[in-house]
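Subject: Structure handover, with notes on its cavities, pocket and cores

Dear colleague,

I am passing this structure on to you, and my notes on what was found in it follow below. Please look through the sequence and the model before you read on.

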Amino acid sequence: MITKEQIDAWFADKEKLLVEAVSRLVSIDSVEGRPAPGAPFGPGPAAALKEALALAEEWGLTAENHEGYVGTADLNGGEDALHILGHLDVVAPGEGWTVTQPYAPKLVDDLLYGRGTDDDKGPVAVSLLAMKAVKDLGVPLTKNCKVIMGTNEESGSGDIAWYFARHPFAPATFSPDSGFPVINTEKGSLRPTFTKSWPAQADLPRVNWLHGGIRGNILPGDASAGVEGLSMYDIQPVARNVTARTGIKFTFASEDGVTVIKAKGEASHAAWPEGGNNAVTGLISLLCALPLADGDCKDALHQLNALLPHGDCKGRALGIAQEEPVAGPLTVAFSLLEITDTGLKGFFDSRVPLCATEENCLQPAKAAFEEKGFTFEAVQGAPHHVPADSPFIKTLLRRYEEYTGLKGECLSTGGGTYVHDIPGGVAFGCTLPGFDTHLHGPDERVRVSDLLLSARLFAHIIVDLCE
């Protein structure tokens, strides 16, 4: 039986090794791209997968590329007892980076900056290093630990669905893609697309176009619109009032007779919309305050302002606000909106608690939009919950308390992880409570000390479950 002291001793001089490994992965732009042979989610995720598999082989693990969907690294040839799921794709970097550029990892004291340091390239490197530790320490294991490295977590997890359609689940699975202690409950989802069309309008002033949001699962920090028939001097006094009310800041430019309005808020993960300031809803608030000519576009903007008003992150205006003790409150993030001269297309991302049903969530939201003439298409996704008294969770919490000195407990999240559809799977690591990693935002970072602690902890858990 391995001891904590033996594991700690092995990791005593491994900080540089880990930082270099994470940096190799973070240096690759792995945002989803156009599919290609062997690269079903584009060249970026494929390149990151190739680098991660090379790293695994350098560390003495058995690595395999599964048609570009996922890569696996195995500790030994035994029957799988534990799967650790991480992903190598990342969200678009966005604007506002100050410490370094997104794909130029930089170490500042104990903080490593770069897109993917936390989500999820750092934790993937941690998992591989934990397996290397167990291998180098020569612990005799009867069963196998497999790290599964995906390439599509940020855009639907089609990679993992593909893999598990061809391979069995393990008795125990965790994903280091959230935080400590254990996330055993993940909210369900409601992610509708809504549209509305109208004939082109000639009357001025009018909104010619609007663009807001970069991804469905990111609360937008930027949005812009083109208004014809009003100058920036007409709009600025109104904008000052909206800024005072919402915190959204506006800048203006004149382009070919159109006043371009840029709204600046604060981006955040759609699972925690209260942590940001939505530039799309802020821009709608401004447009609704302007003296636009009557017409379908103006009507649609006022309807959206009523259905998804700025600052309403819990669906109160839609009539779907609800919460319960385990998963907490329902959240809503209005994340995408495109308006042209003949219509609009929008999207919001709602994370729903265990008590949410189609009757008290999807159907009321659909009715509210359709009553105002929008089309509304959505499927409500089920939540994920694993009982806190399972032997697997007890093992995770026991080792967590031993290595951190902190209380181990089960938590819920609005964020979805790779284990959402995996029986018995939980999220575990790699961030200690209270630290802000700037997830999905600029200056994403991770504490190297947290990564090293996670690697030590994971190594002991691998031994617990595979020995």
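The strands and helices named here are DSSP runs, numbered from the N terminus, with a strand having at least two residues and a helix at least four. Please keep in mind throughout that this is a predicted model.

I begin with the second largest pocket, which holds about 150 Å³ of space. Its lining is made up of 16 residues, and those closest to the centre of the pocket are Asn-278, Thr-281, Gly-311, Asp-312 and Cys-313. Strand 19, which covers residues 331-340, contributes the most to this lining, with three residues. Sorted by class, the pocket lining comprises eight nonpolar, six polar and two charged residues.

Turning to enclosed space, the search of the whole structure found two cavities of 30 Å³ or more. The largest cavity contains about 70 Å³, and its lining consists of Trp-198, Gln-201, Arg-206, Val-207, Asn-208, Cys-297, Thr-340 and Asp-341. Strand 11 (residues 206-212) supplies the largest share of that lining, namely three residues, and the classes are three nonpolar, three polar and two charged.

The second largest cavity has a volume of about 40 Å³, and it is lined by Gln-201, Pro-205, Arg-206, Val-207, Leu-292, Ala-293, Cys-297, Lys-298 and Leu-301. Two elements, strand 11 and helix 8 (296-307), each give two or more residues to this lining, and the largest share, three residues, is that of helix 8. Here the lining divides into six nonpolar residues, one polar and two charged.

Which residues have the most contacts inside the largest nonpolar core? They are Leu-128, Met-149, Phe-174, Phe-428 and Ile-462, in a core that has 67 residues. Helix 11, residues 448-466, provides the largest share of this core, with 11 residues. A second, separate core has 51 residues, including Val-207, Ala-225, Ile-284 and Cys-288; Val-207 also appears in the lining of the largest cavity and in that of the second largest cavity.

Phe-428 may be a useful residue to display when you look at the largest core, in which Phe-428 is listed among the residues with the most contacts. Leaving aside residues up to four places away in sequence, Phe-428 touches a set of residues that includes Phe-174, Pro-176, Phe-180, Leu-396, Tyr-400, Leu-457, Phe-458 and Ile-461.

With best wishes

Conventions:
Residues are numbered from 1 along each chain as its sequence is written. This is a predicted model: local features need pLDDT of at least 70, side-chain atom pairs count only at pLDDT 80 or more; totals for chains, interfaces and linings use all residues. Side-chain values use heavy atoms; hydrogens and water are left out. On a 1 Å grid over the protein atoms alone, a cavity is a set of points where a 1.4 Å probe fits but cannot get out, and a pocket is an open set with protein on both sides within 12 Å along at least five of seven lines; lining residues have an atom within 4 Å of a point. Grid points are joined across faces, edges and corners, and a volume is the space filled by probe spheres set on the points. Ala, Val, Leu, Ile, Met, Phe, Trp, Tyr, Cys and Pro count as nonpolar, Asp, Glu, Lys and Arg as charged, and the others, Gly among them, as polar. A nonpolar core is a set of buried Ala, Val, Leu, Ile, Met, Phe, Trp, Tyr and Cys residues joined through side-chain atoms within 4.5 Å. Buried means under 20% relative accessible area, exposed over 50%, partly exposed in between (1.4 Å probe, protein chains only). Contact means heavy atoms within 4.5 Å.
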